[in-house]
Amino acid sequence: MGRGEVTGVVGESGCGKTTLGLAVLGLLGRMRTVTGGEIRLGEEIIVSPLVDRTPGLRGARVSFVPQDPFRSFDPLRRLGPQIRRPLELHRGLTADEADERVADLLARLGVREPTSLMRGYPHQLSGGMLQRAAIATALSCDPELVIADEPTTALDALVQVQVIESFTRLVQEMGTSVVVITHDLRLLGRMADRVAVMYAGRIVEFGSSARLLTAPRHRYPEALLASSVRTATPGHRLATIEGQPPSLPGTFMPCAFAPRCRWADERCHTEEPLYPWPAAEGAACHHPAEPPL
Amino acid sequence: MIGPGPLPTQARGTAPWGLRVGVTLIVLLSVLVIIGPLLWNVDPTYESSAGLSPLGEPLDAGAAGHPLGSDPKGRDLLARLFYAGRLTLLTALVSVAIATAAGLLVGLLAANTRRLAGSVLMRFTDLGLAIPGLLLAAAIATVLGRGTLSLVVGLAAVFWAPIARVTYGQAIVLKERDYVEAAQVMGGGMATILGRHVLPHLLPVVAAYAALTVGWAVLFESALGFLGAGVQEPDASIGSMLGSYLIYYRSHPGLILFPAIFLGLLVLAANLVGESLRTRTEER
Amino acid sequence: MAWYIARRLLAALITVWIVATAGFLLVELIPGDPARSLAGPTATRETIAEIRATYGFDDPLPVRYGQWLARVAQGDLGYSFAKSEAVVSVLARSLPPTLMLTALAFLLEISIAIPLALWVVSRGGLADRLLVVVAGATASVPAFLVGLLLIYVFGFRLGWLPLGGAASPSSYVLPVVTLGVPFGLVLARLLRTSLLEQQDQPYITFSHAIGERPWSVRWRHLLPNALLPLLAILALDFAGLFSSVAVVEVVFSMPGLGADLLTGLRRLDTALIVGIGIVAGLLVALVNLIADVAVIAIDPRVRRGT
């Protein structure tokens, strides 16, 4: 990713996108470990099978916007102390200094009365307010990278739009790089510069959002778009993709999408299609769609 | 990369083996106290100096004719253990049976009457819960005149209350379930609804709690016997044995040890059964 | 919020009333001549007549009940013939030692349960299973047996600690351990379950994501939230602890309500027994009230009634 870039990671539930996000933060928990590859922040390797530098980075250089704003704050404490915590932990600010900065952030996120929000308890606030609070917490120390895990899923449609606008504006002002994990294609369209599509735990296509959302090359996102109501032709049957995505963890034959793909052949069932890293655009597919002329 | 399918869920180790071990244990102990006296045909109340050492002390385990030794009055310990074990088991089971019946009744009744009357009825359970259980059981057992019957009444009077609470709580929740509403709409009478829809889901929960209560009953019985408020001579229960042999525990630990082992096994068995039943109902 | 506390207070008062009523019923339950039972086996006819008059045994039931409530409200719990003094003064003397023992046991319980539960949860696996098993096993053995065992080993065989009495601080060690360790293990198990439930919650993940150190997450967020639902259980636990305290006092020959209970039971002193029951009930009601208020103070969600 480039600095200040917003990259979307999209896929169905269970495709591993949240796991990817958590891996960057080193928050995989006890049930999962890193077995290969590496994650780098700048020149530095922060995650690999041998290395885990994430504890020193969390909240300061890499931060997280959670999916469920209603349950992401400690119900027993007021919001103010919770939002300013990163500033106290990583920037050594006093409570008052931190509160000032937090109030400023909240105002920039569209909160009309920041002090009243900060004095409140989680159960007293709406989803939109809580999510703004979470975003403020994540951005308070001006991190280089923010991982936003389904930031809008839990919100009402109207609030979703507001929060996304505020969030996008703020990260642009601050020059923060963002990874947005979602299955909301509309959100991607608004926010993302580039998009990675995941299927069965692998990135199957990567490229600019403009292109991917209209003319993807991997057969999976292509089929998804074709089955979308928006692209459907009235009077015709809605296209669907047969079968189910495989559940993780597990094994799948290369390529994982082959059982459901119209263009799959012998090769697709035996040889794993690889993404042409480090190309900036591409699909992990043996028979990708032809780019439109 | 080859591997199995989705992660297996954490195996619930306690559920099946706990139940099996617990039930086996209880059956074993029950059989022991019932068959035992038939095989070991010694009178547990037979006091004789033949059962004592030349100095008048109780005999230790392994002495002639007394596999577990004898008690200060020369009575055979093994025979007394059978006798006492039977009485303890009986009092525990009977008192819990009474408590369960009463508790179920009151709980169901309270759950079925209108809101206010129901909670007023539940207030009555506070009578059984306000004063710490052991104290209340001891008080009742003493006030009614000490003896086995008073003991059973005392225990039942303490245990019916939490059972009523559990029944009430469960019944209330179950009543709200959709299939009960459906049954009502289809015109079932209250009794039928209760019998066919509520009870089958209620009974396992109550059964689990009742099993645990048996363990409590045995513990209470032993404590009360220890305090002298339980069964009286010539009856003997595990508790009364522990109480009367207390002063000998230093010189003749066997007098305390063997009843204690029986006690421990019995309560353990009850707890195993109760806990495994409870985990099973929670998993649903 | 004040309204909520008022309701809790009211509930506590009702419980007190229920306890007093329970005491009344106990006296009423006495078969035969209750006046004689209250007077004791060695009482003279005059004493019995006096008692009959004081308690109004010839009056109708509602009158008796009213008188009883009035007397209890004024702190008159009758006369103990076994101790030759008013029940209230007996209890006033015995309450402090019993409370001290209970408090110490409670402290031990918590000191064991919290670190143990935290450790087991962070280790998982074998330690976890072991806790469940051990807690279950200790729950199966009555307190007085544990006490006897400890006396035998540490007092008799090893001679490290006194065999009983309340002479020195060291004589408190064994009784407190007898009470605190089993309850502590059971509490640890409950806490462990609660901790596990909280651990998967989003706010814990978010705390980590903010950069909070693991131990800090545990103490600032995990523990308070995990302890909250246990407060109610702890209050109930107190009632059970109380019963065990009485028995342990007897085993270790310590002064307190347990010793009084034993006396009352042995001598069939109904007034004393009922008096102890009432005081115990009051204590339990008080502890429940404290637990309720603590919940209100800690959990903002219950305050507004939202």
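Four bridges, or 4 bridges as the listing has it, join β4(A) to β5(A), and the two strands run parallel. Before going on: this is a predicted model. Within that pair, A:Val62 stands opposite A:Leu145 in β5(A). The side chains of β4(A) alternate, with A:Val62 and A:Phe64 pointing one way and A:Ser63 and A:Val65 the other, and all of them are buried. Helix α6 of chain A, residues 127–139, lies across β4 and β5 of chain A. Relative to β4(A), helix α6 runs at about 175°.

Now the sheet these strands belong to. How many strands form the open sheet, and in what order? There are 7, in the order β4-β5-β6-β1-β7-β8-β9 of chain A, and the pairing is mixed. The edge strands are β4, residues 62–65, and β9, residues 282–283, each of which pairs on one side only.

Next, strand β1 of chain A, residues 6–10. Is β1(A) enclosed or open? Of its 5 residues, 5 are buried, so the strand is largely enclosed by the rest of the structure. Both faces are covered: A:Val6, A:Gly8 and A:Val10 are buried on one side, and A:Thr7 and A:Val9 are buried on the other. β1(A) runs parallel to strand β6 of chain A, residues 177–182, and 5 bridges join them. There, A:Gly8 has A:Val180 as its bridge partner. β1(A) also runs parallel to strand β7 of chain A, residues 194–199, through 4 bridges. In that pair, A:Val9 stands opposite A:Ala196.

At the β9 end of the sheet the sense changes. Strand β8 of chain A, residues 202–208, pairs with β9(A) in the antiparallel sense over 2 bridges. The bridge partner of A:Phe206 in β9(A) is A:Gly282.

Stepping back to chain A as a whole. It has 11 helices and 9 strands. Its C-alpha atoms fill a box of roughly 65 × 50 × 35 Å along the principal axes. The radius of gyration is 20 Å, which agrees with the value near 19 Å for a compact globule of 293 residues. Buried residues make up 42% of those 293 residues. Taking contacts between residues at least 6 apart in sequence, 62% join residues at least 24 apart.

That brings me to the nonpolar core. In soluble globular proteins, nonpolar side chains tend to be buried together. Here the largest nonpolar core has 245 residues, and A:Val197, B:Ala137, B:Ala138 and B:Ile163 touch the most other members. Helix α7(B) provides the largest share of this core, 19 residues. What does A:Val197 contact beyond its neighbours within four places in sequence? The partners include A:Val10, A:Gly11, A:Ile203, A:Val204 and A:Leu212. Also among them are A:Glu205, A:His218, A:Tyr220 and A:Pro221.

Last, the contact between chains B and C. Chain B contributes 35 residues to it and chain C contributes 40 residues. On the chain B side, α3 (115–129), α4 (133–143), α7 (190–227) and α9 (254–283) each supply at least two residues. Which of the chain B elements gives the most? That is α4(B), with 9 residues. By class, the side of chain B that touches chain C has 23 nonpolar, 9 polar and 3 charged residues.

That is what I have; I will take questions.

How values were computed
Residues are numbered from 1 along each chain as its sequence is written. Chains are lettered from A and ligands numbered from 1 in the order in which they are written. This is a predicted model: local features need pLDDT of at least 70, side-chain atom pairs count only at pLDDT 80 or more; totals for chains, interfaces and linings use all residues. Two residues are in contact if their C-beta atoms, placed from the backbone, lie within 7 Å. Ala, Val, Leu, Ile, Met, Phe, Trp, Tyr, Cys and Pro count as nonpolar, Asp, Glu, Lys and Arg as charged, and the others, Gly among them, as polar. Two strands pair if DSSP finds at least two bridges between them. Axes are lines fitted to C-alpha atoms, for helices over the stretch in contact, and angles run from 0 to 180 degrees between N-to-C directions. A nonpolar core is a set of buried Ala, Val, Leu, Ile, Met, Phe, Trp, Tyr and Cys residues joined through C-beta atoms within 7 Å. A residue is buried if 20 or more other C-beta atoms lie within 10 Å of its own, exposed if 12 or fewer, and partly exposed in between; C-beta atoms are placed from the backbone. The radius of gyration is taken over C-alpha atoms; the globule rule is 2.2 Å times the number of residues to the power 0.38.
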